[in-house]
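Student: Can we go through this one together? I'd like to know what the labels really rest on.
Tutor: Sure, have a look and then ask away.

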Amino acid sequence: MNSIYQALKSANTSNDQTRKEAEEFLKRASEQNFPLFLQTLAKELSNPESDDDTRQLAGLVFKNSISAKDSQTNTTLGNNWKVIDNATRQNIKQQLLNTFPIPNQKPRHTATRVVAHIALIELPDKLWPDLLPQLIQTFKNSTDANIKQAILQTIGYICEDINPETILDFVNPLLEVITLGMMDQNLNVKHAATQALLYALEFAKSNFEIPQERDLIMRVVFENTLCPDNQTKTSAFSNLTKIGTLYYNAILNYMEKIFEVTVSTIQTCQDANVVTQAIEFWTTLAETEFDEEVEPSKLCTLKALPHIMPVLLTTLNKQEEFEDEGAWGITPAGSVCIVQMARLVGDPIVPLVLPFVIANIQSPEWRNRDAAGIAIGSIVDGPTNFNDKNHAILTQLLALLKDTNSSVKDTAAWAIGRICSHQIRSVAPILDQLLGPIMTATTDPSYKVSAYACWTIHNICQAFDEGPVGPFPSLQPVSVLIAQCLITAVHREDANEEGNKLKVNGYEALNSLIHYGSAEPTLVTDILTVILRDFDDSFNKETLGQEDVEDLCQTQILLCSTIQAISSSYKDCIKPQASRIMQNLLKLFTSGSKKSNPIIYEESLLAINSVILALEQEFAPFVNEFFPILKLCIQSVEFGSVPNLAIGIIGDLARTFNNHFTAFAPETIPLVIQALSEPKLPMQYKPPAITCLGDIAFAIGGEIVPYLQSIMEVLITASAAYVDDPDFLNEFRDAILAALSELIHALKSVNKADLFAQYLQHVLNFISVIYADSQRNEELTSSAIGLLGDIMQTIPGPYITNPIISQLVQEGVTKQLQIAKWTQDILKQQQQQQQQPI
């Protein structure tokens with residue numbers, strides 16, 4: 001292999017070894033002479049004698065050599081391009097532009113992406129000032145459809161990622177080119193233009209404020225919803241949807257036309273992608289009006305509801321009998337749209353949907369029965385007027401759990417789960433009629449039906465968190481039966497199907513039963529015995545591939561969640577099994593590599609923390625074995641929230657053991673300080689680490705003295721930090737103030753408060769910074785005033801004459817902050833004492 005052309009040809013082969021050698025050759029060529037490498041790729045991309053696949057690959061390699069998804073890598077690669085001499089860059093760019101007229105679609109399209117990526121690098125630095133004028137003028141002057149399509153694709157890709165400020169002067173000319181393209185007779189040009197508009201809409205705010213310009217844009221969008229090309233139709237409806245989100249007030253003038261084109265498309269178009277995008281307009285409109293809290297009297301969705309709902313209901317029976325779970329299509333799109341409308345408008349949707357449900361729920365045609373289940377399940381989140389009339393529908397849904405059609409059964413189980421999630425109070429009077437069939441459904445041959453049944457039980461259990469459900473004070477009388485059904489379900493052979501859906505739903509339901517089901521302790525003990533047996537089995541399970549490893553991790557995560565549920569609700573059940581529980585939880589950190597799923601560490605720590613809170617000081621026998629793991633977790637900054645959880649556990653241990661925690665201070669305090677000094681630790685995890693230091697000081701009191709200097713150094717450094725996020729900055733500073741207050745109290749407890757005096761000026765400077773911050777909240781103000789009270793009460797001195805102290809305290813009194821009066825009294829006492837003659 002002695003040329004880039006040969007390497008590109010070989011890189012397209014199916015032979016792994018040949019492809020690997022080709023990729024290594026290309027990498028070496030890039031490193032040896034980057035400008036020549038790119039020149040050669042550009043030449044291959046524009047070479048008419050090369051085959052399309054090789055030319056396309058040349059373009060992709062070029063693009064990946066100057067851009068990347070990762071922001072930092074993208075900047076580095078962009079800089080590598082910019083340091084190439086101008087003449088070489090100009091030569092390369094011209095070669096790329098020369099591919100725009102070629103008839104070969106693959107290399108031409110790839111060239112547009114490469115040109116766009118170069119533009120994204122150069123335009124912000126004004127290194128290619130003539131690009132956009134050249135593209136605009138060439139488009140207007142050209143009659144070549146290939147050139148027009150390539151220019152529009154390039155404009156679209158640039159608009160997709162460019163900073164709007166960079167092309168502000170060209171927005172109007174670019175929109176003109178795009179609208180001209182959308183009016184072009186060539187279907188490829190139309191599609192490219194319609195797609196480009198989708199990316200350019202965010203720049204068109206001022207254009208949508210001018211009626212004539214807005215009318216033109218809307219006119220060409222409407223025209224393209226009627227285009228014979230389905231891809232263009234889909235893009236046109238995507239534009240309508242995005243316009244509705246970006247310029248909601250602007251579309252109010254066009255709602256009649258929007259209704260006309262969307263309804264016509266939904267009713268007559270045979271292309272599923274086009275229809276689903278037409279439905280998406282109404283889905284997004286409902287979401288926008290919900291998010292923007294539009295007044296009910298002004299809701300476009302509500303005004304259109306009586307007219308659009310019958311159309312949407314006809315989409316619910318377009319499903320395929322053996323459609324994959326989660327597959328997108330007309331029926332799922334229609335259901336999601338109805339869900340969003342119900343959430344927005346509430347009660348008015350019910351009388352528009354119930355007749356459809358009643359008419360179809362017992363239909364001999366399975367699609368109609370399925371549509372009825374989808375319809376009722378889609379409207380339960382939002383309305384409040386579900387009542388006894390719907391008991392009959394629920395009874396019919398329960399009957400559908402035994403339907404001969406699997407899709408109908410799945411939908412019925414889903415709809416019942418939705419009802420129990422959002423309308424449990426309306427069906428509470430017939431809860432006893434509901435529980436039996438749902439428990440039976442957990443044994444259904446279909447894991448999907450079983451999973452939905454488990455989810456329904458989860459929703460029913462959660463309803464008891466707010467008290468009795470209808471005439472039922474608790475689930476205690478049936479808790480044993482429910483637990484048996486759930487345990488059987490999670491141990492089914494198909495429980496791992498579809499991402500462990502049944503297993504996840506089963507364990508979540510079991511946890512909800514433990515939390516809210518008022519189960520007898522003996523039942524919870526039996527559940528814990530099963531969980532521990534499953535834990536033991538999981539460590540002996542053979543894993544044959546990555547899928548097995550992921551299933552095993554998921555199982556262990558779920559087992560951890562159940563231990564957490566038991567520990568928080570039934571502490572006495574934990575104590576007899578504490579040793580075995582901790583043995584299993586600690587083993588999770590040492591039983592093979594879990595790096596593919598660090599969530600297992602998070603769940604293990606959460607479970608251990610719940611055990612700590614349950615056992616309190618009886619956790620002591622496990623501390624020595626746990627500490628090395630805790631140390632490793634704090635240092636594992638690459639594992640997301642794991643260090644934060646580990647630090648939080650240290651705080652809980654300190655609060656649990658109080659002064660007995662002194663023995664662990666030599667190990668834990670340096671760990672927390674090290675975490676605070678670790679630049680890779682995300683900033684949001686640092687307030688809990690600072691709070692942890694305060695918890696330790698509070699727990700061990702005067703024994704904090706040996707660590708005072710190191711703690712104060714890190715707190716002083718933290719106090720100088722600034723982040724451009726007012727809410728987080730308030731939280732961060734509040735944690736520092738709380739830790740300082742705990743340190744003062746700890747020193748005061750052993751009459752060594754004078755040791756804090758050397759840091760007093762730093763603390764007062766910090767409070768001055770807080771006082772000067774106009775965006776501090778009342779909580780932070782209260783904490784600063786409270787700390788001043790602690791300082792003045794503990795360390796008297798002339799510093800009290802600092803005007804900021806009196807001003808801050810007076811502000812707190814004026815705002816009637818609870819702590820301010822106490823601090824003001826202390827300030828007055830100190831002032832009086834300092835005024836007394838010696």
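Student: What makes the lining of the second largest pocket a mix of nonpolar, polar and charged residues?
Tutor: The classes are fixed by residue type: Ala, Val, Leu, Ile, Met, Phe, Trp, Tyr, Cys and Pro count as nonpolar, Asp, Glu, Lys and Arg as charged, and the others, Gly among them, as polar. Sorted that way, the lining has six nonpolar, seven polar and five charged residues. Keep in mind that this is a predicted model, where local features need pLDDT of at least 70 and side-chain atom pairs count only at pLDDT 80 or more, while totals for chains, interfaces and linings use all residues. Residues are numbered from 1 along each chain as its sequence is written, and side-chain values use heavy atoms, with hydrogens and water left out.

Student: How much space lies in the second largest pocket, and which residues are closest to its centre?
Tutor: About 400 Å³ of space lies in there. Of the 18 residues lining the second largest pocket, S67, A68, N74, H117 and L120 are the closest to its centre. The word "pocket" has a recipe: on a 1 Å grid over the protein atoms alone, a cavity is a set of points where a 1.4 Å probe fits but cannot get out, while a pocket is an open set with protein on both sides within 12 Å along at least five of seven lines, and lining residues have an atom within 4 Å of a point. For the volume, grid points are joined across faces, edges and corners, and you take the space filled by probe spheres set on the points.

Student: Which helices and domains supply that lining?
Tutor: α4 (52-66), α5 (71-82), α7 (105-122) and α9 (145-161) each give at least two residues. Helices are DSSP runs (H or I, at least four residues; strands are E, at least two), numbered from the N terminus. Domain 1 (1-128) and domain 2 (129-252) each provide at least three lining residues. The bounds come from an automatic or database domain assignment, and there is also a domain 3 (649-835). The centres of domain 2 and domain 3, taken over C-alpha atoms, are 57 Å apart.

Student: Why is D773 called buried?
Tutor: Buried means under 20% relative accessible area, exposed over 50%, and partly exposed in between (1.4 Å probe, protein chains only). D773 has 17%, so it counts as buried. You'll find D773 in the loop between α40 (760-772) and α41 (778-794).

Student: What makes D773 and R733 a polar contact?
Tutor: A polar contact is a pair of N or O atoms within 3.5 Å; within protein, one must be able to donate a hydrogen and the other to accept it, and residues adjacent in sequence count only if both atoms are side-chain atoms. The side chains of D773 and R733 make such a contact at 3.0 Å. A polar atom of the D773 side chain also lies 2.9 Å from the backbone nitrogen of Q775.

Student: Why is I424 buried?
Tutor: Its relative accessible area is 8%, so I424 falls in the buried class. I424 sits in helix α24 (residues 424-427). Leaving aside neighbours within four places in sequence, I424 is in contact (heavy atoms within 4.5 Å) with I419, L431, I460, A463 and V469.

Student: And why is E498 partly exposed rather than buried?
Tutor: E498 has 35% relative accessibility, so it counts as partly exposed. E498 is in helix α28 (residues 497-516), and its phi is near 50°, a positive value in a residue other than glycine.
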